[in-house]
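Let's take a walk through a protein together. Have a look at the chain first, and then we'll go through it piece by piece.

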Amino acid sequence: MPGSVAMTAKAALRSGAGLIAVSTDPEAIPSISPYVQEATFVEGKEGGQVPDLEGYDGIAVGMGLGRTATQKTVVERLVHEKETPLLVDADGLYLLEGLLPELEKREAPTVLTPHPGEFAHLTGLSIKEVLNSPFSHSKEFAEKHGVYLVLKGPSTIITGPDGEQRVDISGNAGLAKGGSGDVLSGILLSMLMQVEVMDALSNGCFLHGMTADLLVQDGHSKVDLLASDVIEGLSRTFRTFSS
């Protein structure tokens, strides 16, 4: 799904990333490049080999990736080989099956950004169990596996590997559409490359939600708001808080 990674890349650029490279199948590049002209491209290699990603300050994986055995190998190698902040979202969360013990060994920060359904899959819990005790389940998971967890929802819970928890209540129902998570991943990736991890995740979630709130206050409704609108609205949010 090339639209997913395209929105992630553009959101990262709109959030302050200086350079963004997209690693994808060669045939997907023509559909992505017109949407995000500022990005460069790294062609994916056959057989699940991770392309050369040296020199990058952060990596996000999973959005629109697919869930094949080849893509699982890509995620495995990123977990094992890349000592840089790693954000895993969407399909990447499903490809972490069997890899959770390996996350504990990583020295660089690992950020997982599931919605309740994805978190239920990661933990083996039911969605109802997740929703009934989101704070305790998030804290237990983050501490056990040494990860930063962003459990998305109307109130997003951000948990660090030391058990610290923060809550972001910005945003509205307009964000409950396909692509919103991809945009959030791009914002968080950019933030991870700028400030300390918990602050990066808190700031990124707030930017995402507040942008949706500002757009609904002026010109949009919760019904028509699109993920791509949020990307374009980021400039207004940055202006609001920098003035």
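Before we count anything, here's the rule for a salt bridge: a side-chain nitrogen of Lys or Arg has to sit within 4 Å of a carboxyl oxygen of Asp or Glu. Keep in mind that what you're looking at is a predicted model. By that rule, the count comes to 9 salt bridges. The general idea is simple: side chains of opposite charge can pair when their charged atoms come close.

Let's start with Arg-14 and Glu-232, whose closest N and O atoms are 2.9 Å apart in a salt bridge. Arg-14 belongs to helix 1 (residues 2–14) and Glu-232 to helix 11 (residues 227–242), so this pair ties together parts that are 218 residues apart in sequence. Is this pair tucked away? Arg-14 counts as partly exposed, at 38% relative accessibility, and Glu-232 is partly exposed too, at 36%. Lys-10 joins in as well: Lys-10, Arg-14 and Glu-232 are linked in a network of salt bridges.

Helix 11 also holds Arg-236, while Asp-218 lies in the loop between helix 10 and helix 11, so their pairing ties together parts that are 18 residues apart in sequence. Here the side chains meet in a salt bridge at 3.8 Å, N to O.

Now for the sheet. Strands of a sheet pair through backbone hydrogen bonds, either parallel or antiparallel. This one is an open sheet of 6 strands in the order 3-4-5-6-7-8, with mixed pairing. Strand 3 (59–61) and strand 8 stand at the edges with a single partner strand each, so one side of each has no neighbour in the sheet. From one strand to the next, the twist averages 15°.

Zoom in on the strand 8 edge. Strand 7 (residues 156–159) pairs with strand 8 in the antiparallel sense, over 4 bridges. Ile-158 has Arg-166 in strand 8 as its bridge partner. Arg-166 has another job for us to spot: Arg-166 forms a salt bridge with Asp-199, with the closest N and O atoms 2.9 Å apart. That pair links distant parts of the chain, since Asp-199 is in helix 10 (residues 197–217) and Arg-166 in strand 8, 33 residues apart.

Val-167 is in strand 8 (residues 165–168) too, and is partly exposed, with a relative accessible area of 44%. Together with Phe-135 and Ile-169, Val-167 forms a nonpolar surface patch with about 300 Å² of accessible area.

Finally, helix 8 (residues 134–145) lies across strands 5, 6, 7 and 8, running at about 30° to strand 7.

Notes:
Residues numbered from 1 in each chain as written. Predicted model: local features only at pLDDT ≥ 70, side-chain atom pairs only at ≥ 80, totals over all residues. Heavy atoms only, no water. Patch = residues over 30% accessible without salt bridge, like charges linked within 9 Å, V, L, I, M, F, W, Y side chains within 5 Å. Areas by Shrake-Rupley, 256 points an atom, 1.4 Å probe, with all protein chains shown as cover. Helix = DSSP H or I, 4+ residues; strand = E, 2+ residues; numbered from the N terminus. Buried < 20%, exposed > 50% of the residue type's maximum accessible area, 1.4 Å probe, protein only. Pairing = 2+ DSSP bridges. Axes fitted to C-alpha atoms, helices over the stretch in contact; angles between N-to-C directions. Contact = heavy atoms within 4.5 Å.
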